[in-house]
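I opened my notebook beside the model today and jotted down what I looked up. Here are the entries, in the order I made them.

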Amino acid sequence: MTPAIGYAIREQNRPILSDPAINAAEITFERADDPLRVDKYVRDMEFDLVSVHALKLSVASPEGPGVNYLEALKAIAIENGAESISDHMGFTRDGHDGVELGHFAPPPYTQVALDATSRNVDLIQDYFGDTRFYLENIAYLFQFEGEMTEAEFLKKVLERTGCGWLLDVTNVYANAINFGYDAYEFIEEVMPAADAVQMHLAGGYWDEKAEMYIDSHSHPIPQDVFKLYRRSLELAGDKCNAVFIERDQNFPDEAGWRGEARQVREIAEEVYAPALSTH
Amino acid sequence: MAATTTFEGYREQITHYAQTMALGQNGPAEAGLQAGMPADRVGMFTSGNLYKRFDKLKDACEMLAEGMEEIDDLVKAYVKEIPLSAYDTGCTDAERFLIWISEKADLTEEQKDIVRCQRSRHAVEFVAMKQRLAHVRFQELLSMNERLLDELAENGKLMVHLNPIHVWSRFETKALLDEEDIIPATVLFFPVGNDIRTVVIEPECEELIRLLDQSGVMRVKDLRKLVSAGDQEQLIGLLRDLAEMGVIALG
């Protein structure tokens, strides 16, 4: 079945969310968690699938996420009828009373980090019950000394916890360029470990000075990412239930917003069409 | 720091990395990088985070920044001295910055009023966070005000609900007031929908709001009993004004 397709909701794309190509929406928790809110974040829009994307569960921290944060996240998920939540495979803080980095750093890919991350994911899944949790692979600027590869680490977390994989295709693309590995092999290696999959797509830019691809969510999705997305859908098959496009800067015009969503849907429909015709 | 095998070791490792990177001190994380990893990547990461934090604080303190030449240096000093706290919402960082700047900088009386104003707005959000349900219920009631206002003078059974999310402050200058306002002025901050409103409150109005705050929900007829016959019209006028502003809801 073709996955639901949608955008991470931003004020700039709200006007086009009723486009026929769009039937899903992702809510960024930190944007929706306004203590003065009186309306649902999705307002009167109806989607086949809504997911809440968090930034501060900090699943690779030594301590699990705090109850207040979990409660607030759950409230937004319930208010908006979300069927899944997600966050990143990294750490943004040390402990509950500690400091916040402002962005997620990759954990050292070690056995003990794997144990801590798996325990935190279990804790999150226990808390959310039927609302499935998806863990996103991050784009990083560096890696700490470790005992396994990122793909091995991610695979083991997925196998141990049974959580879903939020495959950020652009993050894999960026890391593959920046750290010299094969993006296709990475996805082929991890995909069998995931029981359920959602995807993120975005566009960044090549930073000449840093000699790195920066996943800035500021440009159209590159053609190479679309190719990788197509392959990811083929590998995921029916496990993939949603694809979200992220854009946070240099917002396109209306045609740009609609065009990108339609392209994402067209590829999904092409990938899933042969399967449909056999029934 | 080499890869650790114990949970306590991992806690120590992540705490050390997080606490140093949060202040832009890159050495410890650089020392823990995988062999061959360029060390300046940690600096790219931390400077990007500090830059974003700097920008958010500048935005949050825009009013204070007007006419304050040293604001950039103060924000830079703050982000290097005080790390972002766990689960920070942006609002909490701005609040901590305003406390910090009040201690570190020699603010003018006008700037002190701006700090009071911004801190009061933050306080409204903090109170609403703790009393989410009360906020939502009151805002629902508020939507009936327009219809019930017509009954205010005649229907003594109408209930008067005070907006549960409100914060008092006092402005000592006219920096944020109209020319005709008298200083010092008592001001009230409260939400209407997801907007925060600020109004200057006259003494008789303040008395009524504080009474409602202490007594909880009251009927109009019970409020009428508390004032003399000659002040009845003034009471209804005050209630009407407060209802139109969103300070009270009728039900």
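**Entry 1: salt bridges**

I began with A:Asp19, which is buried at a relative accessible area of 1% (buried is under 20% relative accessible area, exposed over 50% and partly exposed in between, with a 1.4 Å probe and protein chains only). Before going further I noted that this is a predicted model, where local features need pLDDT of at least 70, side-chain atom pairs count only at pLDDT 80 or more, and totals for chains, interfaces and linings use all residues. I also noted that residues are numbered from 1 along each chain as its sequence is written, that chains are lettered from A and ligands numbered from 1 in the order in which they are written, and that side-chain values use heavy atoms, with hydrogens and water left out.

Which residue forms a salt bridge with A:Asp19? I found A:Arg258, with the closest N and O atoms 2.8 Å apart (a salt bridge is a side-chain nitrogen of Lys or Arg within 4 Å of a carboxyl oxygen of Asp or Glu). A:Arg258 sits in helix H8 (residues 254-277) of chain A and A:Asp19 in the loop between strands S1 (4-8) and S2 (24-28) of that chain, so the pair ties together parts 239 residues apart in sequence. Helices (H or I, at least four residues) and strands (E, at least two) are DSSP runs, numbered from the N terminus.

Next I looked up A:Asp248 and A:Arg31, a salt bridge whose closest N and O atoms are 3.4 Å apart. A:Asp248 is in the loop between strand S12 (240-245) and H8 of chain A, and A:Arg31 is in helix H1 (residues 29-32) of chain A, so this pair links parts 217 residues apart in sequence. A:Asp248 is partly exposed at 24% relative accessibility, and A:Arg31 is partly exposed at 44%.

I then checked for a pair across chains and found A:Glu79 with B:Arg132, at 3.8 Å from N to O. A:Glu79 belongs to helix H2 (residues 67-79) of chain A and B:Arg132 to helix H8 (residues 132-142) of chain B, so the salt bridge joins two chains. A:Glu79 is partly exposed, with a relative accessible area of 27%.

Shared partners join A:Asp19, A:Glu254, A:Arg258 and A:Arg262 into one salt-bridge network. Over all chains I have 29 salt bridges.

**Entry 2: a helix pair in chain B**

How do helices H10 (residues 203-215) and H12 (residues 232-245) of chain B pack? Their angle is about 75° and their axes are 11 Å apart (axes are lines fitted to C-alpha atoms, for helices over the stretch in contact, and angles run from 0 to 180 degrees between N-to-C directions). I logged H10(B) as roughly perpendicular to H12(B), the word for 65 to 115 degrees; under 35 is roughly parallel, over 145 roughly antiparallel and the rest oblique.

**Entry 3: backbone oddities**

B:Ile183 and B:Pro184 are joined by a cis peptide bond, with omega about -5°. B:Pro184 is in the loop between strands S2 (167-171) and S3 (185-192) of chain B.

A:Arg43 has a positive phi, near 55°, and is not a glycine. I placed A:Arg43 in the loop between H1 and strand S3 (49-53) of chain A, where A:Arg43 is partly exposed at 45%.

A:Glu211 also has a positive phi, about 55°. A:Glu211 lies in the loop between strands S10 (205-207) and S11 (212-214) of chain A, and at 57% relative accessibility counts as exposed.
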